[in-house]
Amino acid sequence: MSSLPKQLRDESDFDQLPHNIPISATIADIEEKKGFIHYYRFVMEVRTRGGSKYLVYRRYSQFFNLHSELELKYSPGDQDIPGPNTCRLPTLPGKVFIGNKKEIAENRIPELNTYMKRLLGLPTWVLLDDVIRMFFYQTESDSQYQPRALRRLRPPTRRVKTVKTNQTDVFSSPRAEVVFDFSGSGRLELSMKAGEVIFLLRRVNTDWLEGTVSNRTGIFPESFVKIIKPLPESDSDGESGGASGKGAGSYSCLRCYLLTPQGVDTRDVCVEEDISTQPSYKELLARMRDVFKVDGNIALNYRDPEGDLVRLLDDGDVALMVADGRGQRSKVKRPVNQFPWELHVTAASDMSVYNTEI
């Protein structure tokens with residue numbers, strides 16, 4: 001029997017728990033998510049009373065929602081006089097609105113570990129609540145992710161050996177020279193200066209590559225570089241290989257149009273999302289503002305199966321757009337890692353001025 005539950009509850013109380021109830025959870029690492037919105041999520045190792053151990057991935061906002069639901073159910077109106085169906089909940093670290101996202105996530109780890117330890121030490125009848133059970137439950141999407149580092153689960157190392165790299169290996173690596181300056185839009189794209197040498201990692205699709213320079217890694221359009229040594233053929237066929245698969249390092253491209261009276265600006269936006277994902281309306285709106293660098297009120301639109309431009313107003317409209325795109329996928333040939341739907345961005349005041357074929 002684990003020593004942790006004995007520290008938090010009586011042994012008889014512990015024996016009442018079902019085998020699939022979580023008894024401990026520890027944050028093993030944080031991972032950066034570069035999708036339609038940019039955030040960090042916590043990689044948590046969960047242990048159950050029955051001895052199972054698995055990983056789940058949660059954002060701070062999910063901790064906040066969990067705590068809010070528990071407060072509504074179990075927090076007493078008067079903290080000094082608890083009721084029969086209430087309990088004293090642990091304190092959740094508050095929201096932080098300004099600062100470096102990575103540093104904020106790192107600094108939250110000790111506080112969140114303490115929060116989870118105290119949460120899982122609450123009375124048995126609280127732990128059986130579906131809100132808590134589902135928060136620590138390993139969903140199908142959790143099981144599909146591949147952990148990248150898990151720094152806090154590594155055993156301590158007394159000595160680190162330094163391995164000298166052979167310079168000839170560097171110059172035999174696939175690489176390209178930057179011909180034109182490229183300013184990346186978003187955190188996935190690699191900003192480059194003419195004359196720099198980019199070491200190639202893989203091909204994302206027919207137009208984009210992934211590479212590294214000066215300890216920075218990202219994707220960039222192939223048209224901005226001159227290939228010095230090409231990628232091996234096995235790494236170049238991005239549309240049939242890892243670029244379209246699930247897991248870490250996979251990218252999908254979204255075709256976007258900014259429609260103005262002066263013309264059409266077309267962009268392929270690459271995100272670390274599977275093409276089956278359904279982003280929220282707010283995520284799409286924020287990303288399009290960033291991509292096209294627009295400050296005024298904008299509207300998001302898509303073309304329905306009849307070819308008409310339809311305005312998006314909420315998450316329900318996004319769901320309809322995604323469903324229409326999937327239905328049209330067999331009729332319109334696209335690369336395997338390109339979303340089956342497209343976005344048309346207009347000024348918020350424009351309704352049908354740009355309802356023309358692209």
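Colleague: Let's start with β11 and β12. How many bridges join them, and do they run parallel or antiparallel?

Modeller: Keep in mind that this is a predicted model. Strands of a sheet can pair either parallel or antiparallel, through backbone hydrogen bonds. Here β11 and β12 run antiparallel, and the number of bridges joining them is 4.

Colleague: Which residue of β12 is the bridge partner of leucine 300?

Modeller: Look across the hairpin of β11 and β12, where 5 residues lie between the strands. Glycine 307 in that hairpin has a positive phi near 90°. The partner of leucine 300 in β12 is leucine 312.

Colleague: Now helix α10. Why does the distance between its end C-alpha atoms agree with its residue count?

Modeller: α10 covers residues 281–292, so there are 12 residues to place at 1.5 Å a residue. That rise gives an expected span of 16 Å. The end C-alpha atoms agree with this, being apart by 17 Å.

Colleague: What comes right after α10, and what is special about its phi?

Modeller: The helix runs over residues 281–292. Lysine 293 follows, and its phi is positive, near 55°.

Colleague: Which strands and helix do the buried residues of α10 pack against?

Modeller: The buried ones are Tyr281, Glu283, Leu284, Leu285, Arg287, Met288, Val291 and Phe292. They pack against β9 (252–260), β10 (263–271), β11 (298–303), β12 (309–312), α11 (315–328) and β13 (343–347).

Colleague: And which element gives the most to the largest nonpolar core?

Modeller: In soluble globular proteins, nonpolar side chains tend to be buried together. The largest core here has 43 residues, and those with the most contacts inside it are Phe220, Met288, Leu300, Trp341 and Leu343. With 6 residues, the element that gives the most is α10.

Colleague: Leucine 343 is on that list. Which residues is it in contact with, leaving aside neighbours within four places in sequence?

Modeller: Leucine 343 sits among those with the most contacts inside the core. Its contacts beyond those neighbours are Leu254, Arg255, Cys256, Tyr257, Leu284, Met288, Asn301, Leu312 and Met321.

Colleague: Are cysteine 253 and cysteine 270 buried or exposed, and how many disulfides are there?

Modeller: Cysteine 253 has a relative accessible area of 1%, so it counts as buried. Cysteine 270 is at 0%, so it is buried too. A disulfide needs two cysteine sulfur atoms within 2.5 Å, and the count comes to 0.

Colleague: Where are the edges of the open sheet?

Modeller: Its 5 strands come in the order β7-β6-β5-β4-β8, with antiparallel pairing. An edge strand pairs on one side only, and that picks out β7 (216–221) and β8 (225–229).

Colleague: Inside that sheet, which residue of β5 is the bridge partner of alanine 176?

Modeller: Strand β4 (residues 175–178) and strand β5 (residues 197–203) run antiparallel, joined by 3 bridges. In β5, the partner of alanine 176 is isoleucine 198.

Colleague: Over in β2, is tyrosine 39 buried or exposed?

Modeller: Tyrosine 39 is found in strand β2 (residues 38–48), and it is in contact with Glu31, Glu32, Lys33 and Arg59, leaving aside neighbours within four places in sequence. Buried means under 20% relative accessible area. Tyrosine 39 has 17%, so it counts as buried.

Methods
Residues numbered from 1 in each chain as written. Predicted model: local features only at pLDDT ≥ 70, side-chain atom pairs only at ≥ 80, totals over all residues. Heavy atoms only, no water. Pairing = 2+ DSSP bridges. Helix = DSSP H or I, 4+ residues; strand = E, 2+ residues; numbered from the N terminus. Expected span 1.5 Å × (residues − 1). Buried < 20%, exposed > 50% of the residue type's maximum accessible area, 1.4 Å probe, protein only. Contact = heavy atoms within 4.5 Å. Core = buried A, V, L, I, M, F, W, Y, C linked by side-chain atoms within 4.5 Å.
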